[in-house]
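Please explain how the helices of this structure are arranged against one another, and which side-chain interactions accompany that arrangement.

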Amino acid sequence: MKKLILMSACVFSLNTIVTAQEVMKDQKNSEHKEGKGGETRRKHELKKPEERAQKSVDQLNQTVGLSDDQKTKVYELALARVKKVDAIKEKYKGQEANREVAKKEMMIVKKEYRQSTKALLTPEQLQKLKTKAKESGHSKEKGHDGKVKNDKQSSSDTEIKKENESFGDED
């Protein structure tokens, strides 16, 4: 009888441990997929390019106060950027070996967008943008969270994460 009770206790303990590990794994996976505002990456990827471009315009407008003409031009640039990035993602989809190549291509698209957008801004707006970037802790030496970047972390990884955020003060 003691063996039966001992065996039952062992099976129960193992079952509890396995269940706890599965729950922790599920929580970790859901946290990894969450973006700002609790959205999952999949929801972000399913947003229409027009919505993502408008979000970029709205963020920049909130920071520097764009005129109606600037909003239209920035929207066109943002929409072109979003479509190019989507095309790059589709081109390299499922090709882990080309991940870095895809990141570099996206960085080029992002840099072109930033340069074109900065060309549309007035000197006062550029100053507001730089001030906002400094307040947010975005600079070449710091990562997204304001901490000094780890040498092992690639700069392209950090830049991709900041794609839809403020422009920073890099040129």
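**Helix packing and side-chain interactions**

In this predicted model, helix 3 (residues 49-64) packs with helix 6 (residues 123-136) at an angle of about 100 degrees, their axes lying 9 Å apart. Because angles of 65 to 115 degrees count as roughly perpendicular, helix 3 is roughly perpendicular to helix 6. Helix 3 contributes Leu 60, Thr 63 and Val 64 to the contact, while helix 6 contributes Gln 125, Lys 128, Leu 129 and Lys 132. Sorted by class, the residues joining helix 3 to helix 6 are three nonpolar, two polar and two charged.

A second pairing involves helix 4 (residues 68-91) and helix 5 (residues 99-120). The axes of helix 4 and helix 5 are 10 Å apart, and the packing angle is about 175 degrees. Angles over 145 degrees count as roughly antiparallel, and helix 4 and helix 5 are therefore roughly antiparallel to each other. On the side of helix 4, the contact includes Gln 70, Lys 73, Val 74, Leu 77 and Arg 81; on the side of helix 5, Glu 105, Met 106, Val 109 and Tyr 113 are among the participants. The contact of helix 4 with helix 5 comprises 10 nonpolar, three polar and seven charged residues.

Two residues of this contact from helix 4, Lys 73 and Arg 81, also take part in specific side-chain interactions. The charged end of Arg 81 is placed over the ring of Tyr 113, at 4.4 Å from the ring centre; Tyr 113 belongs to the helix 5 side of the contact. Lys 73, for its part, forms a salt bridge with Asp 69, with an N to O distance of 3.3 Å. Both Lys 73 and Asp 69 lie within helix 4, four residues apart, which is about one turn of the helix.

For the model as a whole, the count of salt bridges comes to six, whereas that of aromatic pairs comes to zero.

Conventions
Residues numbered from 1 in each chain as written. Predicted model: local features only at pLDDT ≥ 70, side-chain atom pairs only at ≥ 80, totals over all residues. Heavy atoms only, no water. Axes fitted to C-alpha atoms, helices over the stretch in contact; angles between N-to-C directions. Parallel < 35°, antiparallel > 145°, perpendicular 65-115°, else oblique. Contact = heavy atoms within 4.5 Å. Nonpolar A, V, L, I, M, F, W, Y, C, P; charged D, E, K, R; others polar. Phe/Tyr/Trp six-rings, centres within 6.5 Å; stacked < 30°, edge-to-face > 60°. Lys NZ or Arg CZ within 6 Å of the ring centre and 35° of its normal. Salt bridge = Lys/Arg side-chain N within 4 Å of Asp/Glu carboxyl O.
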